[in-house]
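Open the model in your viewer and keep the selection panel at hand. The tour starts with the whole chain and ends at single residues.

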Amino acid sequence: MSGVVVVGGGFAGVWSAAGAVRLARETGRELTVTLISPGDDLVIRPRLYQSEPERMRVSLDRILGPVGVRRVAATVTGIDTTGQTVTAADRQGNSAEIRYDRLILATGSELVRPELPGAELLFDVDTLPAATELDTHLNRLPDLPPEGRFTAVVVGAGFTGLEIATELADRLGTIAAAHGEEARVVLVERADSIGPELGPGPQQEIADALTALGVEHRLGTSVTAVQPDLVVLSDGTRLRTRTAIWTAGVRAGGLTAAIPGTRDRLGRLAVDADLAVTGVPAVYAAGDTAAAAAEPGHQVMQCCQHALQLGKFAGHNAAADLLGLPPVPFTATPYVTCLDLGSHGAVFTNGWDRRVVATGSVAKDRKRKVNELWIYPPTDDPDELLRQADYRFSVRQITEPRTS
Ligand SMILES: Cc1cc2nc3c(=O)[nH]c(=O)nc-3n(C[C@H](O)[C@H](O)[C@H](O)COP(=O)(O)OP(=O)(O)OC[C@H]3O[C@@H](n4cnc5c(N)ncnc54)[C@H](O)[C@@H]3O)c2cc1C
């Protein structure tokens with residue numbers, strides 16, 4: 001009764017478990033599916049830059065309970081790919097071994113924090129606890145000594161840095177305005193351009209948003225030290241602030257190192273077309289842990305769009321392999337991005353070269369749908385969950401609004 005064991009309760013893990021159950025149900029077979037995750041909720045990570053991050057989660061039991069997925073609240077600390085067991089520590093610190101017939105590693109990614117003086121003072125929005133700590137801190141700023149209290153320094157002008165900086169222009173602005181002051185948001189980027197990895201397509205819209213929102217930027221610069229009321233930049237500038245937020249650099253979670261596979265520069269495991277980890281029997285990878293081919297010449301991104309799809313395929317294929325059914329090669333839907341730009345709107349792009357197809361309120365409306373509807377799995381609704389768990393399911397088939 002070992003069955004399929006999924007490690008990780010994020011988007012990839014949830015859809016892996018649901019995808020495995022769906023195939024078993026469709027073929028009328030018995031299959032035990034277990035999901036191991038330290039928390040009780042699916043954390044809606046892409047929304048952690050928004051206010052009240054505590055709201056950005058959904059009970060795993062309300063998603064997966066109705067389809068019979070067994071859930072273990074624990075952290076996996078080791079994987080024995082020869083003996084086909086994982087070691088998991090529960091919240092009381094008790095360790096147990098859990099056997100698997102097929103394993104899906106879906107432990108996501110994590111922010112790489114820098115080594116610099118005062119690094120422990122940096123905030124981030126990578127995890128629910130970290131985002132909550134920042135939210136609490138922002139709300140307490142009025143109680144702090146005046147100098148620099150309504151200034152925020154955001155380090156890294158990539159996807160996350162841009163979303164939190166443009167969001168903060170208003171969020172911090174509202175807090176400051178209540179005390180008759182103005183907010184100042186400074187975006188610090190080591191490269192010579194904003195959003196270097198986003199390419200030239202959305203650059204103009206991003207630049208317009210930063211100007212409209214009054215977000216300052218310092219390019220070709222990084223942070224060299226942080227103090228409780230100060231950030232020092234590599235060009236010697238000293239910025240008075242109580243809020244320095246680090247967003248630069250994300251890698252696959254550390255547990256990938258427990259699998260004896262090849263890893264890419266992001267720490268992701270090499271997988272074949274069926275998402276089986278290359279050269280490691282009975283192990284699959286999905287989401288931010290998988291270096292899968294999306295299209296010729298392009299690997300998947302560490303993003304929600306790909307994590308959801310990778311999960312459905314990995315769940316299907318792990319179950320298919322165990323049940324003696326043929327696998328289906330992973331195929332990604334056309335790559336799109338939707339970058340939130342605060343009250344300026346958003347920018348929606350198509351393709352790997354990120355051609356802009358919508359900006360302003362049209363793109364913002366789409367971003368709201370992504371954030372508040374499309375990335376939320378159905379709760380208390382086994383039939384709808386299994387319908388969406390089909391690897392052929394398209395997000396366009398979601399019609400009923402869901403709220404966070
Ligand atoms: C602020 C922010 C904004 C983002 N914005 C966007 C966006 O606009 N669009 C987009 O597409 N993507 C965005 N992303 C990226 C997106 O959130 C990730 O790509 C996505 O969450 C990956 O899903 P996942 O399931 O692979 O990993 P995760 O969502 O990270 O889930 C990993 C799961 O594994 C669990 N886990 C980790 N280690 C262990 C262990 N040892 N044992 C057991 N369980 C473990 C974790 O608790 C978690 O449940 C954003 C991310 C952040 C942080």
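Among contacts between residues at least 6 apart in sequence, what percentage join residues at least 24 apart? In this predicted model, the figure is 65%.

**Whole protein**

Select everything and show C-alpha atoms. They fill a box of roughly 65 × 45 × 40 Å along the principal axes. The radius of gyration is 22 Å, which agrees with the value near 22 Å for a compact globule of 404 residues.

Switch to cartoon. The protein has eight helices and 25 strands.

**Surface and charge**

Turn on the surface. About 17000 Å² is exposed, and carbon and sulfur atoms supply 50% of that area. Colour by burial next: 55% of the 404 residues count as buried.

Now select the charged side chains. There are 39 positive and 49 negative ones. The centres of the two sets lie 2 Å apart.

**Two backbone stops**

Most residues other than glycine have a negative phi. The next two selections have positive values.

Select glutamate 52. Its loop runs between β3 (41-43) and β4 (57-59). Phi is near 50° here. Is glutamate 52 buried or partly exposed? Its relative accessibility is 46%, so glutamate 52 counts as partly exposed.

Move on to arginine 354, in the loop between β24 (346-350) and β25 (355-359). Phi of arginine 354 is also near 50°. Why does arginine 354 count as buried? Because its relative accessibility is 7%, and buried means under 20%.

Terms used:
Residues numbered from 1 in each chain as written. Predicted model: local features only at pLDDT ≥ 70, side-chain atom pairs only at ≥ 80, totals over all residues. Heavy atoms only, no water. Helix = DSSP H or I, 4+ residues; strand = E, 2+ residues; numbered from the N terminus. Rg over C-alpha atoms; globule rule 2.2 N^0.38 Å. Buried < 20%, exposed > 50% of the residue type's maximum accessible area, 1.4 Å probe, protein only. Contact = heavy atoms within 4.5 Å. Areas by Shrake-Rupley, 256 points an atom, 1.4 Å probe, with all protein chains shown as cover. Lys, Arg positive; Asp, Glu negative; His and termini not counted. Charge placed at Lys NZ, Arg CZ, Asp CG, Glu CD.
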